[in-house]
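Me: I would like to go through a structure with you and ask, for each label, which value earns it.

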Amino acid sequence: MIYAICRRLTGNDPDALDATQEALIAVVKGLDRYDGRARFSTWAYRVATNACLDELRRRTRRPTPVEVDPERDEALPDLSGDVVGRLDLDAALERLPEEYRAAVVLRDLVGMDYADIGASLGIPPGTVRSRIARGRRALARLLGNPDHPPRRPTSQP
């Protein structure tokens, strides 16, 4: 679950692996600081989220990798269906502000409740709700879904 959180928050495998490693190291080193006020999983997810946010800050200081040459002789894999949808979702998540991304990932990927997300991120549950709502709305726009579903025609008697 920690890797899944890191993968969705960072948007790519190399950064997710780095963040996961940093999070697990921080969990082991910080076990003596775990006070039991929250569930262990909530505490560990908070450590993972912080590791991801640190990784994202470090990413901005790194040079951008060079694009792969599409003229290579190697055959490119056929990306279809679910894979394309996941790639679109990852790209949309990457464009969300960090505070919305963290709340949406913890709720929709991990399935945490609002209180646990609030404890994990250090914010009140009401703020969690608004960040999730705003994040989902932004994701819908980024994925090409309208803000409001089209109205169904009603039949007049």
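Me: How much space lies in the second largest pocket?

Reply: In this predicted model, about 150 Å³ of space lies in the second largest pocket. Its lining is made by Tyr-34, Asp-35, Arg-37, Ala-38, Thr-42, Trp-43, Arg-46, Ala-119 and Ser-120. H3 and H6 each supply at least two residues of that lining, and H3 gives the most, with three residues.

Me: Why is the pair of Tyr-34 and Trp-43 called tilted?

Reply: The centres of the two rings are 5.3 Å apart, and a pair requires centres within 6.5 Å. The planes of Tyr-34 and Trp-43 make an angle of 50°, and because stacked needs under 30 degrees and edge-to-face over 60, the pair is tilted.

Me: What makes the rings of Phe-40 and Trp-43 a tilted pair?

Reply: Their centres lie 5.5 Å apart, with 45° between the planes; the distance is within 6.5 Å and the angle is neither under 30 nor over 60 degrees, so the pair counts as tilted. Both residues belong to helix H3 (residues 40–59), where they are three residues apart, about one turn of the helix. Through ring pairs, Tyr-34, Phe-40 and Trp-43 are linked into a cluster, and a search of the whole structure finds three aromatic pairs.

Me: How do you know whether Trp-43, Tyr-34 and Phe-40 are buried or partly exposed?

Reply: Trp-43 has a relative accessible area of 18%, and because buried means under 20%, Trp-43 is buried. Tyr-34 has 26% and Phe-40 has 37%; these values lie between 20% and 50%, so Tyr-34 and Phe-40 are partly exposed.

Me: Why is Arg-129 said to sit over the ring of Tyr-114?

Reply: The charged end of Arg-129 is 4.1 Å from the centre of the ring of Tyr-114, and because the distance cut-off is 6 Å, that part of the test is met. Arg-107 also lies over the face of Tyr-114, at 4.7 Å from the ring centre.

Me: Which residues touch the most other members of the largest nonpolar core?

Reply: Of its 33 residues, Ile-2, Ile-5, Cys-6, Tyr-45, Leu-106, Ile-117 and Leu-121 do. The largest share of this core, seven residues, comes from H3. Leaving aside neighbours within four places in sequence, Tyr-45 is in contact with Met-1, Ile-2, Ile-5, Leu-106, Val-110, Met-112 and Ser-120.

Terms used: Residues numbered from 1 in each chain as written. Predicted model: local features only at pLDDT ≥ 70, side-chain atom pairs only at ≥ 80, totals over all residues. Heavy atoms only, no water. Phe/Tyr/Trp six-rings, centres within 6.5 Å; stacked < 30°, edge-to-face > 60°. Buried < 20%, exposed > 50% of the residue type's maximum accessible area, 1.4 Å probe, protein only. Helix = DSSP H or I, 4+ residues; strand = E, 2+ residues; numbered from the N terminus. Lys NZ or Arg CZ within 6 Å of the ring centre and 35° of its normal. Core = buried A, V, L, I, M, F, W, Y, C linked by side-chain atoms within 4.5 Å. Contact = heavy atoms within 4.5 Å. 1 Å grid on protein atoms, 1.4 Å probe; cavity = no way out; pocket = protein on both sides within 12 Å on 5 of 7 lines; lining within 4 Å. Points joined across faces, edges and corners; volume = space filled by probe spheres on them.
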